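Q: Could you go through this model with me before I start on the figures? I'd like to begin with the empty space and then move on to ring contacts and strands.

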Amino acid sequence: MTVYRARLASTGEYVAIKVQRPGIQETVSKDLYVLRRAAEVYQGLVDRFAPQQRTDYVALLNEWAVGFYTELDFTNEGKNQMRLKRLLEKEEVKDVYVPHVYEDLCTRRILVSEWIDGVKLSQCDPKEIRQLIEIGQECFLVQLLQVGFFHSDPHPGNLLKMNDTSKGKIALLDFGLMASVKQEDIDLMVNSIIHLANKDYPSLVDDFIGLNILPADCDRSKVVPLMDKALSPYVKGGGAKKYEEELRRMYGMDDTASGQIGGFQAMTQDALTVLNDIPFSIPPYFALLARAIVTLEGVALSGNPNYGIIMEAYPFVARKLLKEDRPEIQRALQQVLYGGGSGGKLGSERLAVLLNSAMGVVAKQQGGAFIDLDSIPEDAVSLGSAFKFLLSNRTASLRSLLIEELASASDLLLRQAARKAAGSINNRLPTPPLPFLPRPDQIPIPLLLPTLSGAPSSASESTEIGESAENVLERVVGRGQNIGGTLGRFTLEPAMVSPEAFLDSAAPKLTREEELYALSLKDLASTTLGPEAAAVIAGDTVTDPAAAIRIFIPLLASGGTMAPELKEALARVSPGFVASIEEARDGGGAEAAGEIREVLSNLSTQERQILGESTEKVISNVWNRVAERVAPLARSSRRR
């Protein structure tokens, strides 16, 4: 191919004209014919001597051949270029520019596109490459894992550092060799990156089965150890040289003769196991994908000798998990957050690690080779930054999951607090004078029972209650700070029910597992917000009203300080009480609480709207859970 610089007579714009050399198609056809015959011979040998191997090498070569022929069709290349340009603009990829194609001037052998002045990435110094490759990597991951249409030949000559940075910092060139990936394969690749980075090889086996790399009946006991040996050095990064060094270390191949021989024998044995016992296959489209990844890694290694694409891709994957709410991505997100030793409960450390990863702070283990999902990084983002990130459009998937989780946690803690309060009250009630008389909490009294939100009550005496979510949060955020969204109106239905029956229905006793979960929530609150807040969350303040006052009075006071009239009134009751409130406010989790308050007071209109809607969903969810549990009491009362 030859590229010329020319000027359009109609507009005076400079353009790049790529002209195909004469006879190139005949030359490529001859080469591919020879390779195809060789592939057929090799396929025959494999089928005869290693029938357990299932890779279709002829189909693999055919995929390459299709790529080569489409690369020779400049009309197709122009369409590819404009398609990717539109896709990247839609995904709002920054600092990457795709030149415009003048499709009306193109033919199968001539391509006319916008001229770009710049320097090939291969000619930049390593420091510049290291900075620019982050941009190129993000662009490639968007292509592969977001839109499913990727550049298969991102070598240094096709990446141009632009002189004019008003349009972008990097220009992509040469779109003859492109490939498409189906959505289900994209989802499996996302899972694969997660499992590789977390060193979860048993789950990676399932991903490889879904990608048709491994058969469903493969021997996992053999596959998993070999995956560890083959893939762990690759995840650590550093290219082929570091990979070889890691393999030699892994197999004990030191400078001694015995070490060399022993290590070689062990490596040979593993290789024979792969060939004889693990019937893997390489899907045809992997040929172009592997080429793209290897090429991109080669460019990145010239700027960063320790570059590893799996670990570098993890923040992108984390952002994808937090943003998309498709069922496949939601399942992957749940696996990350609820996996490990969390016993099926949301892991707060894992949530923090995932948020930090999405914001570019990755917690690593084993010398930086793998993600540590159970350890918050030392340079973690601030609580306020994480909260604002959680209220952005980039975390819609996580919010959907957290709303349900927060509703479950709130319901559990409210049940715990209700039972503690009921126990405290019952202990203060008088004992019946005669043993056959019921206790006070066993006597039916008129109560208002909650009904499902939006469900009409059958009782004509039903009462509507409601308060907007913004009015509740206004006291926490500060006066005059509106929070978007309304709580709606809920319905209460009168019924004759004993307090004991109501308590057992509305707040059933916690199971052992629920008690342990409540303890973990208390510990989390104590760590982040201080012991006083933890006491409130655990419901301990029902037996210690002073502790509740120490928490809520400073929190609800205007501007974060106690109102003078309230302070004076409390001082008359107990001179030392105000001092204890001030001391409690300034200690423990005051810093974290103050940071949250400051963030809330500085939320944008959109963030307030998201917070209000999320709060409304959590409260409605908890209300409906309680209403469902007391529904039998309401029906029984109506029958009486």
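What follows is a short exchange about a predicted model.

Q: How many cavities of 30 Å³ or more does the structure hold?

A: The structure holds one cavity of that kind, with the cut-off set at 30 Å³ or more. About 70 Å³ of space lies in the largest cavity.

Q: And which residues line the largest cavity?

A: The lining is made up of Gly136, Cys139, Phe140, Gln143, His151, Pro154, Leu159, Leu172 and Leu296. Helix H4 gives the largest share of that lining, with four residues.

Q: What does the lining of the largest cavity look like by class?

A: Six of the lining residues are nonpolar and three are polar, while no charged residues take part.

Q: OK, pockets now. What is the volume of the second largest pocket?

A: The second largest pocket has a volume of about 1,400 Å³. Its lining counts 47 residues, and those that lie nearest its centre are Leu196, Phe208, Leu231, Tyr234 and Phe286.

Q: Which helices each supply at least two residues of that pocket's lining?

A: Helix H4 (126-147), helix H5 (183-197), helix H7 (220-235), helix H8 (239-250), helix H9 (257-277), helix H10 (286-303) and helix H11 (309-323) each supply at least two residues of the lining. By class, the lining of this second largest pocket has 37 nonpolar residues, together with seven polar and three charged ones.

Q: Switching to rings, how many aromatic pairs turn up in the whole structure?

A: A search of the whole structure finds two aromatic pairs. One of them is formed by Tyr42 and Tyr57, which meet edge-to-face with 5.0 Å from centre to centre and 80 degrees between the planes.

Q: What does that pair tie together?

A: Tyr42 lies in helix H1 (residues 24-49) and Tyr57 in helix H2 (residues 57-71), so the pair ties together parts that are 15 residues apart in sequence.

Q: Are those two tyrosines buried or exposed?

A: Both fall in between: Tyr42 is partly exposed, with a relative accessible area of 43%, and Tyr57 counts as partly exposed at 22% relative accessibility.

Q: Then which residues make the Phe pair?

A: Phe140 and Phe150 form an edge-to-face aromatic pair, at 6.2 Å centre to centre and with 85 degrees between the planes. This pair links distant parts of the chain, since Phe140 belongs to helix H4 and Phe150 to strand E6 (residues 149-151), 10 residues apart. Phe140 is buried, and Phe150 is buried as well. Phe140 is also one of the residues that line the largest cavity.

Q: Where do charged side chains sit over rings?

A: The charged end of Lys18 sits over the ring of Phe74, 5.1 Å from its centre. Arg83 lies over the face of Phe149, and here the distance to the ring centre is 3.8 Å.

Q: Let's do strands. What is the strand order in the open sheet of four strands?

A: The order is E3-E8-E7-E5, with mixed pairing. Strand E3 (96-97) and E5 are the edge strands, each of which pairs on one side only.

Q: How many bridges hold E5 to E7, and E7 to E8?

A: Strand E5 (residues 118-120) and strand E7 (residues 159-162) pair in the antiparallel sense over three bridges, with Val119 having Lys161 in E7 as its bridge partner. E7 and strand E8 (residues 170-172) also run antiparallel and are joined by three bridges. Leu159 has Leu172 in E8 as its bridge partner, and Leu159 and Leu172 are both among the residues that line the largest cavity.

Q: Is Gly118 in strand E5 buried or exposed?

A: Gly118 has its place in strand E5 and counts as partly exposed, at 33% relative accessibility. Its C-alpha atom is separated by 7.8 Å from that of Asp164, which is 46 residues apart from Gly118 along the chain.

Q: Last thing: which residues have a positive phi although they are not glycines?

A: Glu92 has a positive phi of about 55 degrees, and Lys199 has one of about 60 degrees. Glu92 is placed in the loop between helix H3 (74-90) and E3, where it counts as exposed at 65% relative accessibility. Lys199 is found in the loop between H5 and helix H6 (201-210), and Lys199 counts as partly exposed at 29%.

Technical notes
Residues are numbered from 1 along each chain as its sequence is written. Side-chain values use heavy atoms; hydrogens and water are left out. On a 1 Å grid over the protein atoms alone, a cavity is a set of points where a 1.4 Å probe fits but cannot get out, and a pocket is an open set with protein on both sides within 12 Å along at least five of seven lines; lining residues have an atom within 4 Å of a point. Grid points are joined across faces, edges and corners, and a volume is the space filled by probe spheres set on the points. Ala, Val, Leu, Ile, Met, Phe, Trp, Tyr, Cys and Pro count as nonpolar, Asp, Glu, Lys and Arg as charged, and the others, Gly among them, as polar. Rings of Phe, Tyr and Trp (its six-membered ring) pair if their centres lie within 6.5 Å; planes under 30 degrees apart count as stacked, over 60 as edge-to-face and the rest as tilted. Buried means under 20% relative accessible area, exposed over 50%, partly exposed in between (1.4 Å probe, protein chains only). A charge sits over a ring if NZ of Lys or CZ of Arg is within 6 Å of the ring centre and within 35 degrees of the ring normal. Two strands pair if DSSP finds at least two bridges between them.
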